[in-house]
Every structure is written in structure tokens, then in C-alpha cells.
Amino acid sequence: MDKEQMRILIDAILQEIAQENLKRQSGHSESDTQNTLSGVPSESSPFSSAFQKPEPGSDFGKSGNLSIDLPDPTTDEMRLEPGVEDPIDPDGLTALMSTTTARIGGGRAGTRLRTKSLLLFQSDLAVTQDTLFQDVDPQILTQFKLFTVQTQITEGKEQYLLRPDLGRQLNDDARKIIQERCVKSPNVQICVGDGLSSFAIDTNLPKIYPVLEAGCKTAGLTLGTPFFIQYCRVGVMNDIGDLIQPDVLILLIGERPGLGRAESMSAYMAYRPTSGHTDADREVICNIFDDGGTNPLEAGAYAVQMAQKMIKIQASGVKSKLME
Ligand code: B12
């Protein structure tokens, strides 16, 4: 709401109060008073100049003198628009805002967030929730010939979020299928897991996967049979290691999404993963995404280099750091 609209609204309220007082003084009935105070302005109410009932078929919020529509707060332009009223250094503030994705310069309405900041927060949170609760696009899995197995989660995403321990263990069917279908003891086993962001996989897998595959072949590394793990946590690498016994396991997995940022993927890697391994035995190439993160093509090439190094020094994680 801009200043002019606010002024119209305040004038209308003051007029309404003045009229109420006049009515009371001239002995108007209680029911008339309730009618105008109930939130539905009467035809003669000064509110009606500000809030008109939407015409049939008209756009809601555009029918009166007062429009309650706000521009889309999620566009790049709107994100950079300062909400601080009359800033001392408007250019400085805009420049500062453009240096960070942190929610600065939003201003305030009294002690509260501005409507624009609140709407932006809500829509960004919706992106976060969508990527958490949606499944990875099955077409992408088909494109890369990935069959699907599951962890011990049986009750969907809610349970996945509440029980990370179950997401770290394959279920019995998965163990059987992997045993039957996968090449054993390859140099490199590539697996894909939904993790905490399906969108991260949808976005980055088509870019990173061909680089990983081609890079391993060029480096003379044998590849295992790739597959997809639904409801996947990083710790499942141990179960996969026990079943397939690869030299190096690369798990591509959706990272915990940020507010409005859903496309970030990680490649967790381990040398000869097995039961009892912890994150100290693993490495991670994180923040894999285009335009600001680790470019997925480069991340793929780097993962191949890292696999070669792990095989050479026969270690990963803290052990490999101690050998440097
Ligand atoms: C959540 C998180 C954590 C949580 C994990 C707890 C949990 N159970 O979820 C906590 C707070 C414990 C944590 C700790 C650390 N983390 Co952390 N973490 C993250 C975060 C925000 C999200 C990870 C994610 O989404 N994983 C995917 C989900 C599906 O995995 P998960 O199975 O649910 O959870 C496992 C992984 O998250 C893993 N993990 C988390 N951090 C790290 C770091 C490393 C090096 C490894 C190998 C594994 C690992 O631990 C969890 C349990 O197995 C990322 C940020 C990012 N952009 O990825 C940083 C991030 C991965 N963490 C990082 C670091 C450095 C660490 C620490 C080494 C910090 C420290 N100095 O102590 C420790 C070590 C972790 C360990 N487990 O031994 C860095 C890694 C940078 C790098 N390339 O090496 C990241 C990228 C943050 C950053 N930008 O600096 N982390």
C-alpha cells in the first residue's frame, strides 16, 4: 500500500468515526452502527470509496479506487528494491543489497515486516517445501537408465525427515536387487539419491552425469551399474559399499535447500566404504549448481580427479588429509 492509498484509508476511517459520533448524538439505532462496524461497509459509508465490492467478473482487488494487488516480489528487480523509507543513501543501499542474498534493506512497517518482505519469505519457503516433498522426475532416471531402490523408509517424506537413521540403511528388496543387478568391485560406483532436494537432482544430473561417465572412461576407471536411491541419506554409502565393494563410491544427492534455493547438489565420495565408516571417512564436493555455485560440469571433472587420487593413495576423508 503506498502513502496515497494509506492517506485515503485513514481519511475514510476518520470520517467514519466522525459520522458514528454524529449518529450517536442524533439518536441513530444500534443496528445501523453495527452494520458499518462489522467490516462490510454500507453503501453510504466513506469506506465504500476506498473498498468497493468487486464487480461481477472483475479482477479482485482492482475494482475499487484502492488496488490491493502488489507486484510479484520474487523477480530479481523486486528483490533488489529497498523497502527502507527515505534511505539516507539510496544508491548505497541498493548496492549493498545487490552484494548478498541475505534479506537486508527490507525496511519495516511499525515493528513488523513489510507486506512485500513477508510475501517474498512465504514464496521462497514454498520453493523449499516443494523441493523437499516432491519426487525426482522419473524421466531423468529413465534417461540415465537408473533403476530405483529404497531405504528403510516406509511412510514417505514425513518419515524420511523425522528418521534419518532409516534413510541410512537399504531395505531388504534393495539389497536383493543390487546383489542381482550390479557389477561387483568396479573402480567407481555412481549412485544418485533424492536427499533433501529433488529439484537439485532434476537440474544437475543431466549436466554432471555425462561428465562423470566420460571422465572415468577416459581415466581408465571401470564403472559399476548406476542406480537411484529413494529417501536417501549420506550414510547409506556404507550399505552400498558392503554389497558392491567399489574402490570409490560417488553419491550424488540433493542438499538441504535454503530459502528459495533448491537446486544445490552434493557429490559425497568415499574410498572403499563399509559398515562403521563415518563422515570422517568421506569427502564432499558441495554447492553444485550453475550461476553461483560449483558448476556441475567442473564438479564432475573434479570428482573424477578425486576418485583417481583416492585410488592412488587408498584413502579418503581425514585419513587422506593426514597423508598430504
Ligand atoms: C546439515 C549439515 C551439517 C550437519 C549434519 C547433521 C545432519 N545429520 O544432517 C552438521 C551440523 C552436523 C554438520 C557438520 C559438519 N559440516 Co556440514 N553441512 C550441512 C549442510 C548445511 C547440509 C548438508 C546436506 O544437505 N546433506 C545432504 C543430506 C541428505 O545428508 P544427510 O545424510 O541428511 O546428512 C549427512 C551430511 O549432511 C553429512 N555432512 C554434513 N556436513 C558434512 C561435511 C563433510 C566434510 C562430510 C564428509 C559430510 C558432511 O553429515 C550428515 C550425517 O551423515 C551442508 C551445506 C551444503 N551446502 O551442503 C554443510 C556442509 C556439507 N558441511 C560442511 C562442513 C565443513 C562440516 C564440518 C566439517 C564442520 C566442522 N568444522 O565441524 C562438520 C563435519 C560433519 C560430520 N558429519 O562429520 C561443509 C563442507 C565443505 C567441504 N567441501 O568440505 C558444508 C558444505 C558447509 C559449508 N559451506 O561450509 N554439517
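In this predicted model, strand E6, spanning residues 282-288, supplies the largest share of the shell around the ligand, namely 5 residues. The shell counts 18 residues in total, and those that come nearest to the ligand are Gly195, Arg233, Val234, Arg256 and Asp279. By character, the residues of this shell divide into 7 nonpolar, 5 polar and 6 charged.

Strand E6 also belongs to an open sheet of 6 strands, arranged in the order E1-E3-E2-E4-E5-E6 with mixed pairing. Because strand E1 (147-150) and strand E6 each have a single partner strand, they stand at the edges, and one side of each is left without a neighbour in the sheet. From one strand to the next, the twist averages 25°.

The partner of E6 is strand E5 (residues 265-271), to which E6 is joined by 5 bridges, the two strands running antiparallel. Within this pair, Ala267 stands opposite Ile285 of E6.

Two helices are placed against these strands. Helix H9 packs on the sheet, where it touches E1 and strand E3 (227-230), whereas helix H10 lies across strand E2 (188-193), strand E4 (248-254), E5 and E6. The edge strand E6, which contributes 5 residues to the ligand shell, is thus among the strands that helix H10 lies across. The directions of the two helices, each relative to one strand, are set out below.

| Helix | Residues | Reference strand | Angle |
|---|---|---|---|
| H9 | residues 172-181 | E1 | about 145° |
| H10 | residues 198-218 | E4 | about 155° |

Note on methods:
Residues are numbered from 1 along each chain as its sequence is written. This is a predicted model: local features need pLDDT of at least 70, side-chain atom pairs count only at pLDDT 80 or more; totals for chains, interfaces and linings use all residues. A residue is near a molecule or strand if its C-beta atom, placed from the backbone, lies within 6 Å of it. Helices (H or I, at least four residues) and strands (E, at least two) are DSSP runs, numbered from the N terminus. Ala, Val, Leu, Ile, Met, Phe, Trp, Tyr, Cys and Pro count as nonpolar, Asp, Glu, Lys and Arg as charged, and the others, Gly among them, as polar. Two strands pair if DSSP finds at least two bridges between them. Axes are lines fitted to C-alpha atoms, for helices over the stretch in contact, and angles run from 0 to 180 degrees between N-to-C directions. Two residues are in contact if their C-beta atoms, placed from the backbone, lie within 7 Å.
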